[in-house]
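Colleague: Got a minute to walk me through this one? I'd like to hear how the parts touch.

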Amino acid sequence: MANILTITIALPLLGALALAFLPEGSDDRAIKVVGVVASAAAFVASLVALAGFEFGDGGFQLEESFAWIPAIGANFSLAVDGVSLLLILLTTLLTPLILIASFASVTDRLKGYVASFLVLEAAVIGVFAATDLLLFYVFFEFTLIPMYLIIGIWGGKDRRAAAVKFFLYTLLGGLLMLVAVLYLFTQAGSFGYQDVLALELSQTEQRWLFTAFALAFAVKVPLFPVHTWLPDAHTEAPTGGSVFLAGVLLKMGTFGLLRYALPFFPDATVEFAPWLLGISVVGILYGAIVALMQSDIKKLIAYSSVSHMGFVVLGTFALNATATSASVVQMVNHGLSTGALFLLIGFLYERRHTRQISAFGGLAKRVPIMAGLWLLVSMSALALPGLNGFVGEFPILLGTFQTNRTAAVLASFGAVLAALYLLWAYQRMFHGPLEGADNENTSDLKRSEIGVLAPLVILIVAIGLYPKPMFDLVEPAVDRVLSEVGVDTTLDLDPVASTDAEG
Amino acid sequence: MTVLAQADPNVVLIPDVAWSSFAPELAPTFMALVLLLVAITRGREQIVAAPAGLASVAGGVWLVTQGPVVPGAVAIALGVGLPAAVFAFPRRTSLVQAWGAGMALVGALVLTGWQYVTVLDVAGDGSGRIVPQEALAGALANDGIAFFTRITVYLTALIVIPLGYGYLQDRRINRAEVEPLLLLSVVGMVAIATANDLITIFVALEVFSLALYVLCGLARRDRRSQESSLKYFVMGAVASAILLYGMALLYVATGSVALGDIGTALTLVSTPRIVAVLGLVLVTVGIGFKIALVPFHLWTPDVYQGAPTNITAFMAAATKAAGFAVVLRLYLVAFPGLQSLWVPMLAVLAAITMLYGAYLALVQRDLKRMLAYSSITHAGYATIGVVSVSDAGLSATLWYLLTYAVGTLGAFGCILALERTRKGEVGLLELRGLGRTSPAIAGMLSLSLLSLAGLPPTAGFAGKLVVFQAGLEAGLTWLVVIGVLSSVVAAFFYLRLAGQMFLEEPDEGAPVPVQSTGLSAGIAVSATLVIFLGVQPQLFLQLADSAVALVP
């Protein structure tokens with residue numbers, strides 16, 4: 001289908017536009033219908049894109065390009081490789097689920113809420129699909145505004161500070177990247193991805209440009225020590241915002257590293273890779289230890305995100321086909337499992353209006369379905385074999401072990417700690433004696449809530465059991481990137497074979 | 001000069017005046033005079049309007065028969081339009097004035113377009129640049145700078161008139177001289193953008209400055225307005241004196257007032273360098289006042305805050321465009337010989353301006369004052385284009401000023417809407433919960449602020465992008481990085497305003513902003529332009545690129 005990527009971006013935008021023209025005072029149902037239909041249509045469109053995608057080809061596919069600002073050589077060019085297509089699918093899958101899950105809790109200014117999410121979705125798809133640097137930058141920065149509103153308007157008590165912090169951190173990183181993008185333009189004479197890729201940059205240039213790009217993406221991931229906005233943003237954001245943040249927005253950072261920082265600046269990548277491995281390990285351990293000490297369950301998961309995203313960056317900079325492919329798979333896994341955890345926290349919060357772990361206890365007796373799903377999703381997050389987290393995390397460690405043993409060994413402690421904080425939290429909340437009227441009266445998940453969680457849970461299990469299609473989608477693209485960096489991708493272990501054997 | 005040499009002494013000399021070079025300015029000039037006359041008729045406007053209209057129509061018909069159809073048509077339209085306005089709004093002089101001025105500005109824009117197509121037409125050499133036109137014995141340079149500044153200034157004035165109409169009425173300062181003075185200052189601004197010698201620059205500068213001094217003090221009973229006017233006048237006079245002194249020194253050093261000749265002379269070894277450098281420094285100080293570069297910015301906050309808000313909007317957007325037009329021409333045409341001196345000087349000033357302006361804007365509570373400091377910051381960004389000393393820098397500066405103008409007009413327009421509900425000023429707290437009480441105004445204000453902050457997809461982003469690009473091409477990476485840092489600071493305070501509007505709940509009984517047709521139209525046009533220039537900047541960027549053609 002022609003221009004399927006443009007259509008995928010346009011559908012949510014059309015939905016937002018329709019909302020803008022919805023007459024004043026029309027009832028909430030119309031708003032909900034428009035939101036769900038538009039985002040579901042985008043999902044269908046991305047499935048069409050998947051159908052038209054040729055597996056095994058690591059280059060860009062489904063390319064489309066329109067003249068945008070010829071005066072400065074910028075085009076509206078879109079294309080996908082396996083990595084970006086996978087992330088687009090994740091985005092379009094999560095958005096309708098988020099909207100449906102939010103309808104119960106968001107009643108104030110619903111129209112604005114739905115419209116913000118639709119605009120945000122379109123911008124994120126644009127980030128993943130853009131092959132023009134300026135276009136990429138525009139989409140990248142544009143995600144800030146709707147997310148700022150989502151946190152700032154529909155968030156918790158300290159939402160304003162959290163929203164501003166989120167905005168400024170990301171903006172600073174982004175603007176430094178803009179300088180780098182413009183510098184690349186002055187060298188290449190074009191914003192086109194391939195033109196910039198063809199540049200021969202000196203080592204000094206690469207160092208500076210890599211730093212600018214890496215900083216922008218490190219804020220987004222977020223890597224230690226520029227992660228401090230994330231716990232605030234996660235804690236204060238409404239459930240839908242947290243899910244989107246964890247599920248999709250953080251991936252913009254790791255995606256950016258893989259798509260831009262690595263292939264554009266191969267020499268600097270090789271030079272800085274040990275540093276980034278080190279920072280990732282610090283982030284993995286720091287996030288895990290801080291998560292262990294949290295009394296607020298949402299904050300706990302927020303810090304666990306810092307730890308888990310550290311694994312993704314670790315795998316990316318292990319510069320080895322096994323680890324790097326698995327880190328892409330792990331991006332999706334983290335989106336699914338953390339997204340599901342945030343949804344569960346949101347459902348629990350709606351019932352109890354608290355997120356203090358100490359307020360809960362023995363809930364498993366009252367809410368067996370919730371407890372079961374919680375346990376399953378926690379297991380996925382702590383990388384239990386047979387679930388999706390394992391097929392991502394294990395090859396990351398395996399691949400890293402080949403290139404940097406110290407980093408791999410240290411990082412594996414993060415996996416141990418993850419089991420500790422996730423299971424300990426589960427134990428304190430769901431097991432033990434059932435005390436207090438609040439805990440007694442907590443009701444189990446409703447059918448609609450289970451319905452929202454179902455796709456995520458199914459994928460968690462399915463990917464865990466049979467991850468091959470995902471690796472097939474991702475590997476050619478990752479190999480292409482790694483060959484740009486100069487890594488020989490033919491000699492490495494086949495991650496699928498290894499995971500199949502273990503799982 | 002050739003005309004004089006060949007002329008028969010018995011024939012009356014008609015100097016060869018290239019009317020086409022300043023045709024757009026004629027419409028607002030004549031309209032200003034007619035409107036002043038209309039104002040003194042005290043209720044019987046048709047006495048003036050009808051004959052003036054008749055004369056204009058007659059002139060227009062003559063022009064059409066002679067050849068230039070578009071100018072003739074404009075003259076006819078204005079000649080019919082003004083009496084029609086008088087007929088339609090009997091005894092409502094200020095409305096007639098507003099319509100008259102608006103029509104004149106539309107006429108000027110049409111004539112600018114006509115000029116672009118006929119006299120300045122893009123050269124056939126494939127460069128895509130216009131052909132500059134020299135006129136009045138070299139005193140006027142009708143070139144790219146002039147052309148693009150015309151667009152910015154005329155457009156600004158055209159938007160300001162409907163924005164301010166209701167505001168002036170509310171405060172009972174809709175005096176008869178407002179529109180004529182506005183038109184005269186517009187003409188002065190365009191004149192300075194076309195001026196090609198020091199004398200013309202100075203005269204044009206005084207023309208628009210004098211008009212602005214009066215406009216700032218329009219609210220005679222408001223002490224802030226008085227203060228604003230006096231401060232602007234005193235500071236402006238000092239700046240003019242310094243500028244004049246610098247010009248005199250340049251004349252001493254080079255023996256010419258024509259910018260092109262000065263440019264040539266400054267490259268010669270025989271030119272006394274010390275005198276020339278002193279002249280350059282003094283001129284920089286004088287111009288620095290006008291465009292409000294730190295440390296010559298001290299007048300700006302008080303003047304911007306005290307002046308009637310529509311005048312502030314006009315000053316912020318249009319004066320900046322005119323000021324930078326003369327900066328571009330002076331430094332690129334007259335001072336290339338001293339480039340090694342002024343490039344670092346202006347670059348440092350730009351850096352200080354961006355950082356200091358952003359820092360001071362952070363601590364402001366009053367909206368107009370905050371925008372005043374933000375306008376200072378923006379002068380710093382525009383200077384990046386100047387110190388790039390390249391074609392890209394030239395077109396980037398012109399383009400940046402247009403994007404700044406639309407954003408700032410939108411922001412001031414929304415402030416006007418807020419101010420009309422209260423007599424005092426609009427502070428940060430007055431914005432609380434505006435997103436709930438009047439989402440349209442809050443949305444437009446946020447959009448304009450986002451544009452000033454330079455976030456995609458707004459005009460401000462496209463502006464900063466091109467300026468930064470020019471700076472990087474010129475190797476000014478450090479300056480661009482400073483620009484980026486100041487953008488983040490600036491984003492913080494723009495964001496704070498947006499936060500007040502959307503993230504806070506409104507106070508009980510908070511007054512709802514007043515919207516009138518003119519105001520809404522003005523804001524809507526600015527907001528549309530903010531989006532249009534941001535999403536689809538191609539058209540105007542191309543015009544700015546074609547404007548890279550100067551009279552040598």
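Modeller: Sure, here is a chat about the domains and the chain contact. It's a predicted model, where local features need pLDDT of at least 70, side-chain atom pairs count only at pLDDT 80 or more, and totals for chains, interfaces and linings use all residues. Residues are numbered from 1 along each chain as its sequence is written, with chains lettered from A and ligands numbered from 1 in the order in which they are written.

Colleague: OK, which domains does chain B have?

Modeller: Domain 1 (17-120) and domain 2 (144-546), with bounds from an automatic or database domain assignment. Their centres, taken over C-alpha atoms, are 28 Å apart.

Colleague: And how many residues of those two domains are in contact?

Modeller: 25 from domain 1 of chain B and 22 from domain 2 of chain B. Contact means C-beta atoms, placed from the backbone, within 7 Å.

Colleague: Which element gives the largest share on the domain 1 side?

Modeller: α5(B), with 14 residues. Helices here are DSSP runs (H or I, at least four residues; strands are E, at least two), numbered from the N terminus.

Colleague: What's that side like by class?

Modeller: 17 nonpolar, seven polar and one charged. Ala, Val, Leu, Ile, Met, Phe, Trp, Tyr, Cys and Pro count as nonpolar, Asp, Glu, Lys and Arg as charged, and the others, Gly among them, as polar.

Colleague: Switching topic: how many residues does each chain put into the A–B contact?

Modeller: Chain A gives 24 and chain B gives 24. On the chain A side, α5 (133-142), α6 (144-154) and α7 (159-188) each give two or more, and α7(A) has the largest share, 14 residues.

Colleague: And the classes on chain A's side?

Modeller: 20 nonpolar, two polar and two charged.
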